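Reader: I have a new structure open and would like to learn how to read it. Where should we begin?

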Amino acid sequence: MHRTHTCGQLRAEHAGEKVRLQGWVWRRRDLGGLIFVDLRDRSGSVQLVFNPEEVAEPHATAEEWRPEWVVQIEGEVAERPADTVNEGLATGAIEVRVRRADTLAKAETPPFLVEEDSGALEDLRLKYRYLDLRRPPLQRVLALRHKMSIAVRNYLDEQGFYEIETPILTRATPEGARDYLVPSRVNPGSFYALPQSPQLFKQLLMISGFDRYFQMARCFRDEDLRSNRQPEFTQIDIEMSFVEPDDVLEVTEGMMRRLLEVAGLPADPEFPRMTFREALDRFGSDAPDTRYRHELQDVTDIVRDGEFRAFSTVAESGGAIKALRWPGGAAAGRARLDRLTDLAKSQGAKGLVWIQRNQDGFKSPVAKFLGDEILNALCEATGTGVGDALLIAGDEWEIACVTMGAVRKDLAREEGWIPEDGGFKFCWVLEFPLLQASEEEGRMAARHHPFTSPHPDDLDMLESNPRAVRSRSYDLVLNGMELGGGSIRNNRNDIQQRVFAALGISPEEAQSQFGFLLDALKYGAPPHGGIAMGYDRIVMLLSGQKSLRAVIAFPKTASATDLMTEAPAPVGQEQLDELHIALNLPDDPGD
């Protein structure tokens with residue numbers, strides 16, 4: 001029963017060898033005498049030839065075979081005639097002349113074609129994921145995912161890291177998303193939480209003296225899904241002792257170069273760095289897509305003293321007026337402009353000002369309020385020529401930037417600003433604000449997480465002006481998508497307590513939630529920091545996929561359900577009773 005070779009392994013140098021192959025029937029062609037079968041396994045496919053004039057029994061067996069039957073054959077490798085060589089197939093120079101054939105398992109007709117492009121809707125493919133995973137595209141991606149994970153481990157081992165597993169069953173902690181809770185049968189009324197990240201444990205490992213830790217960590221977050229998020233995911237989790245931000249960035253850059261090499265991509269990218277403020281000023285995003293320029297420009301000083309009160313009032317109050325040149329935008333119709341205005345409002349701005357420059361002058365609802373002098377100054381400062389448009393939003397600095405960043409992203413997609421050979425453009429974004437206002441919680445919230453260290457130059461403002469405090473944080477961005485983020489941590493108990501106080505967390509609440517960390521910090525914690533990289537996102541981008549579902553073996557849908565296993569699912573009353581759980585369901589299941 002043992003194979004001598006896999007299906008994709010055979011080449012011309014194997015001609016004349018006796019082989020035994022096993023796999024799935026992919027395609028079968030009966031020419032009335034000869035039967036040709038493409039046999040497939042994860043390594044590829046090979047053509048089998050059944051000739052009744054040579055051996056009758058296997059030919060009769062092959063007549064019964066249908067797609068996706070599992071079969072075994074014995075035969076001899078032969079070179080194909082020159083005019084039948086398939087140059088597009090790795091095994092295309094040979095075929096196997098079958099001398100014996102056995103059926104190992106029959107299969108019903110699959111609900112979709114097991115082909116490069118099945119043509120089936122995604123929900124159907126997810127329901128029969130085990131069939132979808134037989135398709136070569138998914139097998140290639142998962143093979144690459146495997147090789148990349150091996151590369152991560154090898155690289156970090158070379159850099160002196162230990163791989164250490166941290167608990168999956170832990171306690172709930174507020175880290176920005178909802179926890180998945182697990183009831184404890186032996187501790188009625190108490191719950192574990194599945195980890196959103198190993199953050200606290202990896203800090204404890206640094207306090208324990210392990211110096212350099214990593215883990216391919218499974219993490220869980222009960223949050224709304226998008227194409228680049230899943231409720232359970234894998235992250236490359238890293239922590240280092242006695243480091244500054246540069247040390248973490250350099251290790252991460254080396255790892256990404258190794259992964260690019262494994263993926264067969266140019267492995268010498270640049271990693272430019274910019275602060276959070278610069279990223280928003282130039283690109284309107286803390287995850288800027290630098291494959292195309294079209295940067296935002298600040299025109300606050302140009303319109304500050306004008307008669308258009310919507311701008312001058314913003315300028316007087318310390319806000320910002322951000323502009324974006326739209327090449328060719330003078331030809332845009334009102335419907336397109338209105339849609340962009342709606343987009344601006346959805347970002348929190350009060351509206352969007354548009355100015356179209358034509359041969360005859362300017363076209364804009366606010367042209368008469370701005371006047372020719374300011375209009376000309378705006379065009380000169382932004383390079384807006386005849387045939388172009390200028391889009392402008394004024395508001396609080398961050399709202400104005402984010403608004404125009406969303407407009408920039410929309411135009412890039414619609415106008416084709418991203419070059420065909422745009423490649424992979426990385427950048428680091430540094431020094432995020434430590435805190436931000438949270439309307440949902442009614443208090444300050446951590447921009448990254450509450451264990452991030454304040455910038456030493458801003459530490460004195462932690463109580464007096466907490467929103468102005470920068471953090472020692474950093475995000476790695478690729479093509480406008482955050483790959484991961486990290487920071488230098490608080491290694492002193494007193495500073496960690498001050499950060500908790502700025503977050504509105506009382507000493508009692510801090511001790512209740514994080515007492516084990518606060519206690520550990522009293523026993524000599526080294527300066528330490530790290531990063532967590534979204535491994536699924538890395539594989540998705542480097543393999544050219546559009547969705548995380550394409551790079552995860554058994555993913556969930558956008559509603560966090562598994563169509564194959566039909567999870568989540570109700571459990572029986574007996575099990576609920578054993579866990580001491582009573583359900584309080586809404587009258588309407590849709591509520």
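**Reading the features one by one**

Author: Start with one residue. Lys-522 is exposed, with a relative accessible area of 55%. Keep in mind that this is a predicted model.

Reader: Why does Lys-522 count as exposed?

Author: The cut-off decides. Exposed means over 50% relative accessible area. Lys-522 has 55%, so it counts as exposed.

Reader: What does the side chain of Lys-522 meet in a salt bridge?

Author: Asp-519 is the partner, at 3.6 Å from N to O. Asp-519 is partly exposed, with a relative accessible area of 31%.

Reader: How many salt bridges does a search of the whole structure find?

Author: The search finds 50. Take Glu-115 and Arg-27. Their side chains meet in a salt bridge, 2.8 Å from N to O. This pair links distant parts of the chain, 88 residues apart. Glu-115 is in the loop between strand S5 (94–105) and helix H2 (122–127). Arg-27 is in strand S1 (residues 18–30).

Reader: Which residue forms a salt bridge with Arg-29?

Author: Asp-38 does, and the closest N and O atoms are 3.2 Å apart. Compare how each residue is classed. Arg-29 is partly exposed at 31% relative accessibility. Asp-38 is buried, with a relative accessible area of 10%.

Reader: Which residues do salt bridges that share partners join into one network?

Author: Arg-27, Arg-29, Asp-38 and Glu-115. Arg-27 in this network is partly exposed, at 33% relative accessible area.

Reader: Arg-27 also has a charged end. Over which ring does the charged end sit?

Author: Over the ring of Trp-26, 4.0 Å from its centre. Arg-277 gives another case. Its charged end sits over the ring of Trp-397, 4.0 Å from the ring centre.

Reader: Into what do ring pairs link Trp-397?

Author: Into a cluster with Phe-276 and Phe-432.

Reader: How many aromatic pairs does the structure hold?

Author: It holds 13. Look at Phe-50 and Trp-65. They form an edge-to-face pair, 5.5 Å centre to centre, with 90° between the planes. The two residues are 15 apart and link distant parts of the chain. Phe-50 is in strand S3 (residues 44–50). Trp-65 is in the loop between helix H1 (56–64) and strand S4 (70–79).

Reader: Are Phe-50 and Trp-65 buried or exposed?

Author: Both are buried. Next, try Phe-451 and Phe-514. This pair is also edge-to-face, with 5.3 Å between centres and 85° between planes. It links parts of the chain 63 residues apart. Phe-451 is in the loop between strand S19 (443–446) and strand S20 (473–478), while Phe-514 is in helix H14 (residues 507–521).

Reader: Why do Phe-451 and Phe-514 count as buried?

Author: Buried means under 20% relative accessible area. Phe-451 has a relative accessible area of 1%. Phe-514 also has 1% relative accessibility.

Reader: Now the nonpolar cores. What is the general idea?

Author: In soluble globular proteins, nonpolar side chains tend to be buried together. Here, the largest nonpolar core has 42 residues. Leu-156 and Ile-236 touch the most other members.

Reader: What is Ile-236 in contact with, leaving aside its neighbours within four places in sequence?

Author: Its contacts include Val-152, Leu-156, Met-255, Tyr-535 and Ile-538. Another core lies apart from the largest one. It has 22 residues, among them Leu-435, Val-499, Ala-502 and Leu-503.

Reader: Tyr-535 and Ile-538 are in H15. Why is helix H15 largely enclosed by the rest of the structure?

Author: Eight of the eight residues of H15 (residues 535–542) are buried, so the helix is largely enclosed. Asp-536 and Arg-537 are among the buried residues. Just after H15, Gly-544 takes a positive phi of about 75°.

Reader: Last, the sheet. How do strands pair?

Author: Strands of a sheet pair through backbone hydrogen bonds, either parallel or antiparallel. In this structure, eight strands form an open sheet with mixed pairing. The order is S6-S9-S10-S22-S21-S20-S17-S11.

Reader: Which strands stand at the edges?

Author: Strand S6 (162–163) and strand S11 (273–275). Each has a single partner strand, so one side of each is left without a neighbour in the sheet. Two bridges join S6 to strand S9 (residues 212–220), and the two run parallel. Tyr-162 stands opposite Tyr-213 in S9.

Key: Residues are numbered from 1 along each chain as its sequence is written. This is a predicted model: local features need pLDDT of at least 70, side-chain atom pairs count only at pLDDT 80 or more; totals for chains, interfaces and linings use all residues. Side-chain values use heavy atoms; hydrogens and water are left out. Rings of Phe, Tyr and Trp (its six-membered ring) pair if their centres lie within 6.5 Å; planes under 30 degrees apart count as stacked, over 60 as edge-to-face and the rest as tilted. Helices (H or I, at least four residues) and strands (E, at least two) are DSSP runs, numbered from the N terminus. Buried means under 20% relative accessible area, exposed over 50%, partly exposed in between (1.4 Å probe, protein chains only). A charge sits over a ring if NZ of Lys or CZ of Arg is within 6 Å of the ring centre and within 35 degrees of the ring normal. A salt bridge is a side-chain nitrogen of Lys or Arg within 4 Å of a carboxyl oxygen of Asp or Glu. A nonpolar core is a set of buried Ala, Val, Leu, Ile, Met, Phe, Trp, Tyr and Cys residues joined through side-chain atoms within 4.5 Å. Contact means heavy atoms within 4.5 Å. Two strands pair if DSSP finds at least two bridges between them.
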